[in-house]
Amino acid sequence: MSSSSLTKANAATIDAAPASFSSGGERERSRSPTNPVWKAAIERYYGELAKGGIKASTIDKDLWDVRGPDELIRLSREISTAETVAALKDFQSLQILSDPARLPCFMIPYGLNLRFFGRTAEIQTLKDALHPREEPTQLRAIGIHGLGGVGKSQLALHYVNTSMDAFEVIAWIPAETQIKLVQALCQLAKKLGLAEGENEDDYQNVGKVRDWLNTAGKPFLLIFDNVGKLGLLDQIWPASNRGSIIITSRSHSQAAGRVTATIALSPFRAEEGREVLQSLTGMKPAGDEEETAAREVCRLVDGLPLAMVQISNFIRDRGYSYGEFLRMYEKSAEKIFAKSEPPVEYNHTLLTTWEISLQSLSTEATALQNLLVFFDPDTIPERLLINAKAEIQDARLEFLSDEFE
Ligand SMILES: Nc1ncnc2c1ncn2[C@@H]1O[C@H](COP(=O)(O)OP(=O)(O)OP(=O)(O)O)[C@@H](O)[C@H]1O
Ligand SMILES: [Mg+2]
C-alpha cells in the first residue's frame, strides 16, 4: 500500500485536518474532515495518543501532512506502534471505503478466463444490449438462462472483464439467496463509501446503494448471478437510465421476468465442442482414430462446458490420449466426474451440480424425470405423455392428465 494509491479526493480530505483537536489558529479550525472514516481514524489516533500522555498539539502539524500509511509509520516511530497499527487499520478501511468520488469501482470475483472459448455471438448481443449509450433513455437489462454448467456466469464474466472501460461501477452480486444478495450489496456500499460504520443496518446500506445508483448519474453494470427468486431483486432494482443489468439463472422464467432481452445459452455444438476440448486439453488428436475418439468424447457429454473442463483436467492429469480416456469413460463415467477436479472458479463437480438441481425438483417433477430417463434425450413429444391412450398408470404421474398442470 503506498501513499500514491490514495486518490486525490482522499488526499484532499486527509489534508483537511481535524479542527476539533487542533491547538492551532483560525486556519486549522476552519478545516475539518469531511470523510467520516478519516475523521474516525484521526479521532482514534488522537485518543490513543492522549491516553499515552502525548499532547496533540505536538504532532498536529505533522499529522495534517500525512498522505498515506507510510508517512503515518514514519511519524509514529517516535511515538508508539500500537496506535500506529490501529490507525493503519483505519487507513486501510479508508482505502477500501473509497468515497463516491473514488470511481471507477469494480467488484468482480474473477479476472479474465484465459481458457474462455467461443460465445462470440452472445458477447456481441450483450454488448449491443448493455454498453452505455451517449444519450441513454432507459435502464437496460438482459437475462441469460440455461442448464447448470453451460457457461452462463462465464459468459457474463467475460463480458464484464472486457467492458471495464465502459462503466464507472461494475458489481457482481450473487443472488441465489437474500443473505448472499444483501452481503454483496453491503460490500458495494462500503466500496462506494456509502456505509458509515460497522454496525450500520444492512437494509439501510441496500437503500443507500439503490439511491446512489439512481442519483449519481454514472454508468453502472450490475450482474445478479444465479437468481433464485426474481422478487429478491425488488429491494435494489434501480430506475436510472445509466444502468445496465445482467441476470443469470437456470430458470427461464427467473431470467426473463424483468428484462427486455434474453440469451438462451446452449452447450457447444459438435464442431465447436471438439475445438474447446482441444484447447482445454492442449492436445491435438494424433491421427484419425484419435480424432474420432475426441468427437465421441464431446458427443457423450453433449458439449456441456463444465463436463468438458472436468474431462480435460482428468485427461491432462493422467496423460491419457482421447482413445484411452474413452475406454476409461465407458467403464466408469460416474467415477471420472466424481474424482476429477472441478474448475477453479466453480464450486461443484458435474455430479454435485446435478444432485443439487435434482434435489430441488418437486415430487411431480422428480416422478417425470424418472420416467424421462428412459427416452432419447432429444425432443420427446409431449403428446406421448399426456395422451390418455398412453395409459400411464403410475399414481405419481396423474398430474400429466390434469389440464391445469
Ligand atoms: N465459454 C467457455 N469457455 C471455456 N470454459 C467454459 C466456458 N463456459 C463455461 N466454461 C467452464 O464451465 C464451468 C461452468 O461454467 P459456469 O460457471 O458459467 O456455469 P453456469 O451456467 O453459470 O452454471 P450454474 O447454473 O451452476 O451457475 C466454468 O467454471 C468454466 O470452467
Ligand atoms: Mg453460474
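In this predicted model, Ile144 of strand β2 has Thr248 as its bridge partner in β5. The two strands, β2 and β5, run parallel and are joined by six bridges. Strand β2 also pairs with β6 (residues 261-264), again in parallel, through four bridges; here His145 has Ala264 as its bridge partner in β6.

The side chains of β2 point in two directions. Arg140, Ile142 and Ile144 point one way, Ala141, Gly143 and His145 point the other way, and all of them are buried. Because six of its six residues are buried, β2 is largely enclosed by the rest of the structure.

Strand β2 (140-145) also supplies at least two residues to the largest nonpolar core, as do, among others, α7 (120-130), β3 (169-174), β4 (220-225) and β5 (243-249). The largest share of this core, six residues, comes from α9. The core holds 43 residues, of which Ile173, Leu185, Val209, Ile223 and Phe224 touch the most other members. Leaving aside neighbours within four places in sequence, Ile223 is in contact with Ala156, Val160, Trp172, Ile173 and Ile246. A second, separate core has 22 residues, including Phe268, Val297, Leu304 and Phe325.

The surroundings of ligand 1 complete the picture. Of the 23 residues around this ligand, Gly151, Ser153, Gln154, Pro305 and Pro343 come nearest. The elements giving two or more residues to the shell are α8 (152-161) and α14 (305-318). Domain 2 (105-264) and domain 3 (270-351) each contribute at least three residues to the shell around ligand 1. In character, the residues of this shell divide into eight nonpolar, 10 polar and five charged.

Conventions. Residues are numbered from 1 along each chain as its sequence is written. Chains are lettered from A and ligands numbered from 1 in the order in which they are written. This is a predicted model: local features need pLDDT of at least 70, side-chain atom pairs count only at pLDDT 80 or more; totals for chains, interfaces and linings use all residues. A residue is near a molecule or strand if its C-beta atom, placed from the backbone, lies within 6 Å of it. Ala, Val, Leu, Ile, Met, Phe, Trp, Tyr, Cys and Pro count as nonpolar, Asp, Glu, Lys and Arg as charged, and the others, Gly among them, as polar. Domain bounds come from an automatic or database domain assignment. A nonpolar core is a set of buried Ala, Val, Leu, Ile, Met, Phe, Trp, Tyr and Cys residues joined through C-beta atoms within 7 Å. A residue is buried if 20 or more other C-beta atoms lie within 10 Å of its own, exposed if 12 or fewer, and partly exposed in between; C-beta atoms are placed from the backbone. Two residues are in contact if their C-beta atoms, placed from the backbone, lie within 7 Å. Two strands pair if DSSP finds at least two bridges between them.
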